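Visitor: I am new to this structure and would like to be taken through it slowly. Could you show it to me before we begin?

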Amino acid sequence: MKGISIDYCYTDTSIASFGTALLLVGDKVIVNKVDALDKELGKENVTSFIEEINNKYKEGKILIIAEKSVLSIINKYTDAIFIS
């Protein structure tokens, strides 16, 4: 991750995801906790969130940290690379 520049960062609401994000981006990027990335809220919320950020950000690199089940939903809508 050292050589990768992140422009935006989103996590689910878990402390673990938020902590991981802080370790990866430090104070260089604002880490945004998003309810829509919580697996309990379902696939529809995740897909709506992804469509929203796809429309909002036409350029830049977005880091999303969430549970694996949520990332698998996101993977269907993006060409992102996931490291587990």
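Guide: Accessible areas come from the Shrake-Rupley method with a 1.4 Å probe, and for residues only the protein chains shown count as cover. This is a predicted model, in which local features need pLDDT of at least 70 and side-chain atom pairs count only at pLDDT 80 or more, while totals for chains, interfaces and linings use all residues. Residues are numbered from 1 along each chain as its sequence is written, and side-chain values use heavy atoms, with hydrogens and water left out.

Visitor: What share of the area exposed by the protein chain do carbon and sulfur atoms supply?
Guide: The protein chain exposes about 5,800 Å². Of that area, the part supplied by carbon and sulfur atoms is 53%.

Visitor: In what order do the elements of the protein chain run from the N terminus on?
Guide: Helices (H or I, at least four residues) and strands (E, at least two) are DSSP runs, numbered from the N terminus. The protein chain has three helices and three strands. Read from the N terminus on, their order is β-α-β-α-β-α.

Visitor: Which residue of β3 stands opposite Thr11?
Guide: Two strands count as paired if DSSP finds at least two bridges between them. β1 runs parallel to β3, with four bridges joining them, and β1 also pairs with β2 in the parallel sense, over three bridges. Thr11 stands opposite Lys33 in β2, and in β3 the residue opposite Thr11 is Ile65.

Visitor: Of which hand is the β-α-β unit made by β1, α1 and β2?
Guide: A crossover is called right-handed if, with the strands pointing away from the viewer, the path from the first strand over the helix to the second runs clockwise. The unit made by β1, α1 and β2 is right-handed.

Visitor: Why do the buried residues of α1 line one face of the helix?
Guide: Buried means under 20% relative accessible area, exposed over 50%, and partly exposed in between (1.4 Å probe, protein chains only). In α1, residues 15-25, the buried ones are Ser17, Ala21 and Val25. They line one face because, seen down the axis of α1, they fall within an arc of 45°, taken from the directions from the helix axis to the C-beta atoms. On the other side of α1, the exposed residues are Ile15, Ala16 and Leu23, whereas the cover over the buried residues includes β1, β2 and β3.

Visitor: Is Thr20 buried, partly exposed or exposed?
Guide: Thr20 lies in helix α1, and its C-alpha atom is separated by 7.8 Å from that of Ile65, 45 residues apart along the chain. Because its relative accessibility is 35%, Thr20 counts as partly exposed.

Visitor: Which helices each supply at least two residues of the largest nonpolar core?
Guide: A nonpolar core is a set of buried Ala, Val, Leu, Ile, Met, Phe, Trp, Tyr and Cys residues joined through side-chain atoms within 4.5 Å. The largest has 15 residues, and those touching the most other members are Tyr10, Leu37, Phe49, Ile50, Ile53, Ile64 and Ile74. The helices that each supply at least two residues of this core are α2 (43-56) and α3 (68-75).

Visitor: How many residues make up the other core, which lies apart from it?
Guide: Among the members of this other core are Ile6, Ala21, Val29 and Leu63. The number of residues in that core is eight.

Visitor: Is Glu40 buried or exposed?
Guide: Glu40 is found in the loop between β2 and α2. Because its relative accessibility is 62%, Glu40 counts as exposed.

Notes
Contact = heavy atoms within 4.5 Å.
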